[in-house]
Amino acid sequence: MPDFPQLALYTAAAFLLAITPGPGIFYVAARTLAGGRAEGISSSFGNGLGGLVHVLAGSLGVSAIVLASAE
């Protein structure tokens with residue numbers, strides 16, 4: 001089990017990574033500015049759906065299959 005300073009450092013680093021905006025946020029902001037509120041909302045839902053598919057594929061082992069086939 002990690003001691004308290006290691007756990008605090010890990011928690012702080014994870015928090016910083018979680019609040020840092022990524023390319024998805026910039027995409028949604030650009031689509032919202034270019035096309036309005038409805039386009040921004042649909043871009044946000046599309047971004048979320050893509051992330052959900054990615055997480056589901058990873059949890060089903062597709063990542064391991066792709067990694068094994070690269071050999």
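The radius of gyration used here is taken over C-alpha atoms, and the yardstick for a globule is 2.2 Å times the number of residues to the power 0.38. A compact globule of 71 residues would come out near 11 Å by that rule, but this protein chain has 18 Å. Keep in mind that we're looking at a predicted model. In short, the protein chain has four helices and zero strands, and just 4% of its 71 residues count as buried.

**Overall build**

- Reading along the sequence, you get the pattern α-α-α-α for the protein chain.
- If you want a feel for the dimensions, the C-alpha trace spans about 50 × 40 × 20 Å along its principal axes.
- The accessible surface of the protein chain adds up to about 6000 Å², and carbon and sulfur atoms account for 75% of that surface.

**The two annotated spans**

- UniProt, in an unreviewed entry, lists residues 7-29 and 49-70 under "transmembrane region".
- For residues 7-29, the model gives 87% helix and 0% strand, with the end C-alpha atoms 34 Å apart.
- For residues 49-70, the figures are 86% helix and 0% strand, and here the end C-alpha atoms lie 27 Å apart.

**The salt bridge**

- The count of salt bridges comes to one.
- The partners are Arg31 and Glu39, whose closest N and O atoms are 1.9 Å apart. The cut-off for a salt bridge is 4 Å between a side-chain nitrogen of Lys or Arg and a carboxyl oxygen of Asp or Glu, so the Arg31–Glu39 pair qualifies.
- Arg31 has a relative accessible area of 31%, so this residue is classed as partly exposed.
- Glu39 is partly exposed too, with a relative accessible area of 25%.
- Buried would require under 20%, which is why neither Arg31 at 31% nor Glu39 at 25% gets that label.

**A nonpolar patch on the surface**

- Leu49, Leu52, Val53 and Leu56 make up a nonpolar patch on the surface. Together these four residues offer about 380 Å² of accessible area.
- One of the four, Leu56, sits in helix α3, which covers residues 37-59.
- Leu56 is partly exposed, with a relative accessible area of 46%. Patch residues need over 30%, so Leu56 at 46% clears that bar, while the label "exposed" would take over 50%.

How values were computed: Residues numbered from 1 in each chain as written. Predicted model: local features only at pLDDT ≥ 70, side-chain atom pairs only at ≥ 80, totals over all residues. Heavy atoms only, no water. Helix = DSSP H or I, 4+ residues; strand = E, 2+ residues; numbered from the N terminus. Buried < 20%, exposed > 50% of the residue type's maximum accessible area, 1.4 Å probe, protein only. Areas by Shrake-Rupley, 256 points an atom, 1.4 Å probe, with all protein chains shown as cover. UniProt positions renumbered as here; feature names shortened; annotations may be inferred. Patch = residues over 30% accessible without salt bridge, like charges linked within 9 Å, V, L, I, M, F, W, Y side chains within 5 Å.
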